[in-house]
Structure formats: C-alpha cells, structure tokens
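Please open the model in your viewer and keep the selection tool at hand. The tour below proposes what to select at each stop and describes what is found there.

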Amino acid sequence: MVINSKLKIRCGIIGAKGYLAKQLIEYLRNNQNNIKIIKHFKNGNIKNFKKIDILINFASPNEVISRKKKNIKKIISDWKASIDSAVKIGKPKIIINICTVHIFNNCNKLLVKEDSEIQSADPYSKVQIICMKHLNQLDAKVLNLYVTNIYGTISKKLQPRKDLILNKIIDSAVNKKDLKLDTDCKSYRDFLWIEDFLKILHKL
C-alpha cells in the first residue's frame with residue numbers, strides 16, 4: 001500500500017485496552033512516526049473510525065475467556081459484530097490480525113511454516129481459528145501474524161503479563177524474590193521480546 005509520506009496513516013485498533021495494544025500505543029508515542037492511532041471500543045462512539053488505512057485486531061477472545069467455555073458462542077458473536085462494524089465504517093485496505101502460533105498442529109514439537117497444518121484441540125486455538133477465518137472473508141487484505149509468547153514491557157507504567165515464566169524470572173531477579181517453578185520441565189516454549197514485536201509491527 002502506497003501512502004503519501006506527508007500524510008498520517010490512520011491506524012484503527014480493536015482491543016485497545018489489552019496488553020499488546022497498550023504497548024504498541026506507548027511505543028508509537030515515544031517514536032517519531034507518521035501513524036495516527038484511532039481506538040475502537042466496544043459499544044463506544046466510533047464516528048472517528050471512518051476512513052482508516054489499516055485495522056489491527058488485538059481483540060480476539062483471550063486464553064482465559066476461551067478456556068472457560070462459558071458463553072463462548074456469544075463472546076465470538078459479539079466479537080464478529082464489533083469487527084464487522086469497524087470494517088464497515090472504517091473501510092480499511094489492510095487488516096492485521098494478531099493470532100497465536102498454537103493454531104498449528106504440534107507447534108511445540110515441529111518447525112512451523114506458512115503451509116503447516118492449521119489444527120488444534122486447544123479451546124483457545126480453536127477460537128483463534130474461528131476469528132481468523134472470519135477475518136479472511138472480509139473485504140480487505142488480511143495479514144495474519146502468528147505470534148509466540150511475548151514477554152516484557154517497554155514502560156514502567158505498563159504491566160507485563162504475570163502468567164509468563166520469563167516475566168516471573170525477571171521480576172524475581174529485579175526484586176530479589178524467590179521463584180517457584182510449577183512445571184514438569186517437559187514443555188518447550190518460544191519467547192519474543194515485546195520491543196522486537198513492536199518494531200516488526202511498526203515496520204509492517
């Protein structure tokens with residue numbers, strides 16, 4: 001997409017209250033750029049959401065919600081309605097969807113490629129697949145980013161995810177606290193530093 005460098009790229013964000021979205025907004029605030037962020041809140045005023053160039057979806061149901069399995073059909077339905085409304089009003093040319101790498105079958109054991117099989121028994125991954133398929137049907141170019149565990153924070157004002165082991169290790173080291181490992185030590189995880197992820201997203 002070619003955009004006049006003198007003009008601001010209007011970037012709409014769905015899920016602006018979440019961890020990754022807050023980190024991105026803070027990152028763009030601290031770095032010179034030609035991007036104007038327009039936040040979309042559920043049931044909020046979206047008049048300013050008109051004529052956006054790019055839409056970033058951070059709002060797919062998260063791990064906790066997906067695995068509770070409570071009212072999940074309604075949650076997905078509400079998400080679809082929110083996305084459809086944003087696309088209808090904003091008319092973005094590009095949608096960037098933040099998805100999980102765990103939608104790929106056996107992603108913890110095999111090298112994942114773009115043509116790897118998309119299949120998972122995990123409730124969270126199943127919900128992510130449903131959301132991705134819905135986005136792929138919309139009238140816009142969709143770029144799906146299959147991210148792994150993102151850790152850290154770019155600002156002391158923003159809290160990192162407390163459920164990730166690397167965040168726990170860093171917090172224990174910095175604050176000289178004991179670290180309790182509740183694991184069988186058989187799990188393999190890839191991690192990505194938050195600022196590296198934000199630089200990739202900014203480049204896109």
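Two residues are said to be in contact when heavy atoms lie within 4.5 Å. The model is a predicted one.

Begin by selecting Ile56 together with its partners. Leaving aside neighbours within four places in sequence, Ile56 is in contact with Cys11, Gly12, Ile13, Ile14, Leu24, Ile96, Ile98 and Leu201. Ile56 also belongs to the largest nonpolar core, which has 25 residues. Ile56, Phe58, Ile98, Phe197 and Leu201 are the residues with the most contacts inside this core. Next, colour the elements that give two or more residues to the core: β1 (9-14), α1, β3 (54-57), β4 (94-100), β5 (141-147) and α6 (194-203). Of these, α1 gives the most, with seven residues. In soluble globular proteins, nonpolar side chains tend to be buried together.

Now select Leu20, which lies in helix α1 (residues 19-30). Is Leu20 buried or exposed? Its relative accessible area is 16%, and residues under 20% count as buried, so Leu20 is buried. Apart from neighbours within four places in sequence, the contacts of Leu20 are Phe58, Ile98, Ile150, Ile194, Phe197 and Leu198. Add Tyr151 to the selection: Leu20 and Tyr151 are 131 residues apart along the chain, yet their C-alpha atoms are separated by 10.0 Å.

Move on to Asn97, found in strand β4. Asn97 has a relative accessible area of 1% and is therefore buried. Not counting residues up to four places away in sequence, Asn97 touches Asn57, Ser60, Met132, Leu135, Leu143, Asn144 and Leu145.

Two of these partners, Met132 and Leu135, lead to helix α4, where both are among the buried residues. Select residues 123-136 to display α4, a helix of 14 residues. From its first C-alpha to its last, α4 reaches 20 Å, close to the 20 Å expected at 1.5 Å a residue. The other buried residues of α4 are Tyr124, Ser125, Val127, Gln128, Ile129, Cys131 and His134.

Finally, show helix α3 (residues 72-90) beside α4. What is the angle at which α3 and α4 pack? The angle is about 30°, with the axes 11 Å apart. Because angles under 35 degrees count as roughly parallel, α3 and α4 are roughly parallel to each other. The crossing of α3 past α4 is right-handed. To see where the helices meet, select Ile72, Ile76, Trp79, Lys80, Ile83 and Asp84 in α3, and Val127, Ile130, Cys131, His134 and Leu135 in α4.

Conventions
Residues are numbered from 1 along each chain as its sequence is written. This is a predicted model: local features need pLDDT of at least 70, side-chain atom pairs count only at pLDDT 80 or more; totals for chains, interfaces and linings use all residues. Side-chain values use heavy atoms; hydrogens and water are left out. Helices (H or I, at least four residues) and strands (E, at least two) are DSSP runs, numbered from the N terminus. The expected span of a helix is 1.5 Å times one less than its number of residues. Buried means under 20% relative accessible area, exposed over 50%, partly exposed in between (1.4 Å probe, protein chains only). A nonpolar core is a set of buried Ala, Val, Leu, Ile, Met, Phe, Trp, Tyr and Cys residues joined through side-chain atoms within 4.5 Å. Axes are lines fitted to C-alpha atoms, for helices over the stretch in contact, and angles run from 0 to 180 degrees between N-to-C directions. Angles under 35 degrees count as roughly parallel, over 145 as roughly antiparallel, 65 to 115 as roughly perpendicular and the rest as oblique. A crossing is left-handed if the near helix is turned anticlockwise from the far one by less than a right angle, and right-handed if clockwise.
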